[in-house]
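Colleague: Hi! Could you walk me through this one?
Modeller: Happy to, here it is.

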Amino acid sequence: MLCDYHMHTRLTDGLEEPRDYARAAVAAGVAEIACTDHMPLVRPFANGYMRPEDLPIYVGWVEAARQEFPQLSILLGLELDYLPGIEPELRELQQRFDWDFFLGGIHFIGEWNHDAPEAIARWRTCDVDVEWAAYFKLLTDAARTSLYDSMAHPDLPKKFGFRPKRDPTPLFEPFLKACADAGTAIEISTAGLHKPCKEIYPSLEFLKLARAHGVAITFGSDAHQPRHVGRDFDKAVALARAAGYSSFCRFSKRKKTSTPF
Ligand SMILES: [Zn+2]
Ligand SMILES: [Zn+2]
């Protein structure tokens, strides 16, 4: 049973609408999807986020997709950023609609969008070890809030191929402990296969450590167009198995259940 818990619409940096992703999911044999478009994030440095006034449109689109494709389970979700002090804003947002699932994504280190294509120039000249450490501090702080159900693309700083000189394992450990304590899952994302790093997020070593800490997993394609729904999930499942996993999590109204694979 395939469940894709990460996709974006034309309200942000994706194409099309939830109904188009639903149609693609049915065609690809995906049993359940979570629409996880980028939250409204009103900051001078944030691009590609939903406008606050578009949020009811987004929720209406998901409801319409459910009506049109009753054979598919469609979760109402968002990809929520973490910035220090953003917690009250997230809590307010979480109370506004009947959400199923929140994905956590760290796209900013300070005001720097480290995974935008324009970030490559800075990656070339920065201290990669320092930026990885800053990223994982934010990811760990985010997991500790318990405001997220699963943390997206956990080792995202590898995206453009800039890897730390020091062994990053000591950065992974506190994050995974925070996930275990908060009951937060991590995402296995096939999007990395199509980036310069050419590797699933997270790596096998990371995932083995997650398994050892008892951290649960979700699967996501991070689809920005409908044809990417469920993309490379055979590889994601193989990686999960190689790390020792035999089940993944599903959510409904933010309640977690386990499904074997
Ligand atoms: Zn993301
Ligand atoms: Zn995303």
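Modeller: We can start at the metal site and then move on to the strands around it. Keep in mind that this is a predicted model.

Colleague: Okay, which residues coordinate the zinc ion (ligand 1)?
Modeller: Glu 79 does so through OE, and His 107 and His 153 through NE2, at 2.1 to 2.2 Å. Along the chain, these donors follow the spacing E-x27-H-x45-H.

Colleague: And what does Glu 79 bridge?
Modeller: Glu 79 bridges the zinc ion (ligand 1) and the zinc ion (ligand 2), and those two ions lie 3.3 Å apart. Glu 79 sits in strand 3 (residues 73-81) and His 107 in the loop between strand 4 (101-105) and strand 5 (108-109), so this pair ties together parts that are 28 residues apart in sequence.

Colleague: Is Glu 79 buried or exposed?
Modeller: Buried, with a relative accessible area of 1%. His 107 counts as buried too, at 5% relative accessibility.

Colleague: New topic: how many residues of strand 4 are buried?
Modeller: Five of the five, so strand 4 is largely enclosed by the rest of the structure. Phe 101, Leu 103 and Gly 105 point one way, while Phe 102 and Gly 104 point the other way.

Colleague: How many bridges join strand 3 to strand 4?
Modeller: Five, and the two strands run parallel. One partnership there is Asp 81 with Gly 105 of strand 4. Between the two strands, the chain crosses through helix 3 (residues 87-94), and this β-α-β crossover is right-handed.

Colleague: And where is the bridge partner of Gly 104?
Modeller: In strand 7, where Met 151 is the partner. Strand 4 and strand 7 (residues 150-151) pair in the parallel sense over two bridges.

Technical notes
Residues numbered from 1 in each chain as written. Chains lettered and ligands numbered in written order. Predicted model: local features only at pLDDT ≥ 70, side-chain atom pairs only at ≥ 80, totals over all residues. Heavy atoms only, no water. Donors = N, O, S within 2.8 Å, 3.2 Å for Na, K, Ca; no water. Helix = DSSP H or I, 4+ residues; strand = E, 2+ residues; numbered from the N terminus. Buried < 20%, exposed > 50% of the residue type's maximum accessible area, 1.4 Å probe, protein only. Pairing = 2+ DSSP bridges. Right-handed = clockwise from strand over helix to strand, strands pointing away.
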